Every structure is written in C-alpha cells, then in structure tokens.
Amino acid sequence: MKDMIFPRRKNGPAPKSVDQPVRNPGGSLTQNGLFYQAAKQHASDGKPAELVKVYEKIRPGIWTYNGIFLLVDAWIEQSNGRNVFKFNLEIAEDQSRQEIEQNDFSFDHNRLIPAEVKREVWKRDKGKCVVCGSKENLHFDHIIPYSKGGSSLVAENIQLLCAKHNLEKRDRIE
Ligand SMILES: [Zn+2]
C-alpha cells in the first residue's frame, strides 16, 4: 500500500489537496499523478478503489498518520499557475483497516497517536527533544511502549524525541 502525504491544513477534518505537478520533468507521472490516475480509473472505469495510508505533514520531519482511505475520485485545479490535485477520500471500513494495520509492521513504529494528542505533546514539549532539546527529526515516542501496553491516546504517555534518542531508547527496550 502506498503512502499519501498531504500538507498540514489549519482547518477541516482531513486535507485533500496536494500542490504538485502532474508529471516529472522527464514526462513520467509523479506519485500524486499516479494517485490521480488510479482515482480516475476507479471513478470512470469502475476499477477497485486503491487503498492508501494518509499522512499529514505537521512540520519538517514530523508526520501524523490519519488512517487508511479509499481513493475514490480526483480532479485537478489550477492555482497560481500550478496544478493542484484534489482527492476525494473515503475512510476504509474498520474491518479491513484493522486487518491491514495488523499485517503491516511499519505501524509498529507509528502506533496511531491521534492528531489532538500529537498537538498537545508538541505544545507541552515545545517542539523539542525532551532529552537534548534538538528540533531536528523529531518523533512521537511512547514512554511506555505500545507493545507493552502503553497508550497512544493520552499525552502523558507520549513525548518528543529526536531520531538519535528515539533509536537509543528503542535499543534499550528491545
Ligand atoms: Zn535528543
């Protein structure tokens, strides 16, 4: 399954547009061009909708996982001389999401921390690694690991760590 990454939106539940060219300079479709094509094939030719994992980019190096969606339609709008992709996404059924998430090991490192919790943690930790104060390559870390029963749903169990301290902690636990 492919990842779709959207820029952070100030309001609205899920971001649905990406400002990007349709084709690379060499003429091939960009990643979002491919999503656009897949969505059109579903909307006009009745092909099965593609499942995508949707992420929002909060800050450079910080992503928040929004869930698994079906790519049901897409269109292109012009904005300031650029092509902006607009996507119509539908949240995938809970059943299929759970199966996919259980079978997808990449989720082990990004266990579904809700966006509100991430915002709260970001604010509390002032956008810095709680160990060294670095502002680079930050990760949301479970203080008690998810695999050991730690919750993703409360800010008290989540902290900001830079990549270095995140890795050091993981080495200690595993
Ligand atoms: Zn650090």
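Okay, one definition before anything else: I call a residue buried if 20 or more other C-beta atoms lie within 10 Å of its own. By that count, 22% of the 174 residues in the protein chain are buried. And keep in mind that this is a predicted model.

So, the overall layout. We've got 4 helices and 7 strands, and along the sequence they run β-β-α-β-β-β-α-α-β-β-α. If you take the contacts with a separation of 6 or more, 55% of them come from residues 24 or more positions apart.

Let's go to the largest nonpolar core. There are 15 residues in that one, and the members that touch the most others are Phe35, Ala39, Val54, Phe69, Leu71, Ala74 and Phe87. Which elements give two or more residues to it? That would be strand E1 (2–7), helix H1 (31–45), and then strands E3 (50–59), E4 (62–79) and E5 (82–91). E4 puts in the largest share, with 4 residues.

Have a look at Ala74 while you're there. Skipping its neighbours within four places in sequence, Ala74 is in contact with Phe35, Tyr36, Ala39 and Lys40, and also with Phe85, Lys86, Phe87 and Asn88.

There's also a second, separate core, this one of 11 residues, and among them are Phe140, Ile158, Leu160 and Cys162. As general background, nonpolar side chains in soluble globular proteins tend to be buried together.

Now a residue that isn't on the nonpolar list: His139, which sits in strand E6, residues 138–142. Is His139 buried or exposed? His139 counts as buried, because it has 20 C-beta neighbours inside 10 Å, and the cut-off is 20 or more. Beyond the residues within four places in sequence, His139 is in contact with Leu161, Ala163 and Asn166. Take the Asn166 pair: His139 and Asn166 are 27 residues apart in sequence, yet 7.1 Å apart in space, C-alpha to C-alpha.

Last stop, helix H3, residues 115–124. The buried residues here are Val117, Lys118, Val121 and Trp122. Why do they end up on the same side of H3? Because they cover an arc of only 135 degrees around the axis. Yes, there's a lysine in that buried set, Lys118. Flip to the face turned away from the buried side, and you find Glu116 and Lys123, both exposed. After H3 comes Lys126, and its phi is positive, near 55 degrees.

That's my tour, happy to pull any of these up on screen.

Terms used
Residues are numbered from 1 along each chain as its sequence is written. This is a predicted model: local features need pLDDT of at least 70, side-chain atom pairs count only at pLDDT 80 or more; totals for chains, interfaces and linings use all residues. A residue is buried if 20 or more other C-beta atoms lie within 10 Å of its own, exposed if 12 or fewer, and partly exposed in between; C-beta atoms are placed from the backbone. Two residues are in contact if their C-beta atoms, placed from the backbone, lie within 7 Å. The arc is that of the directions from the helix axis to the C-beta atoms. A nonpolar core is a set of buried Ala, Val, Leu, Ile, Met, Phe, Trp, Tyr and Cys residues joined through C-beta atoms within 7 Å.
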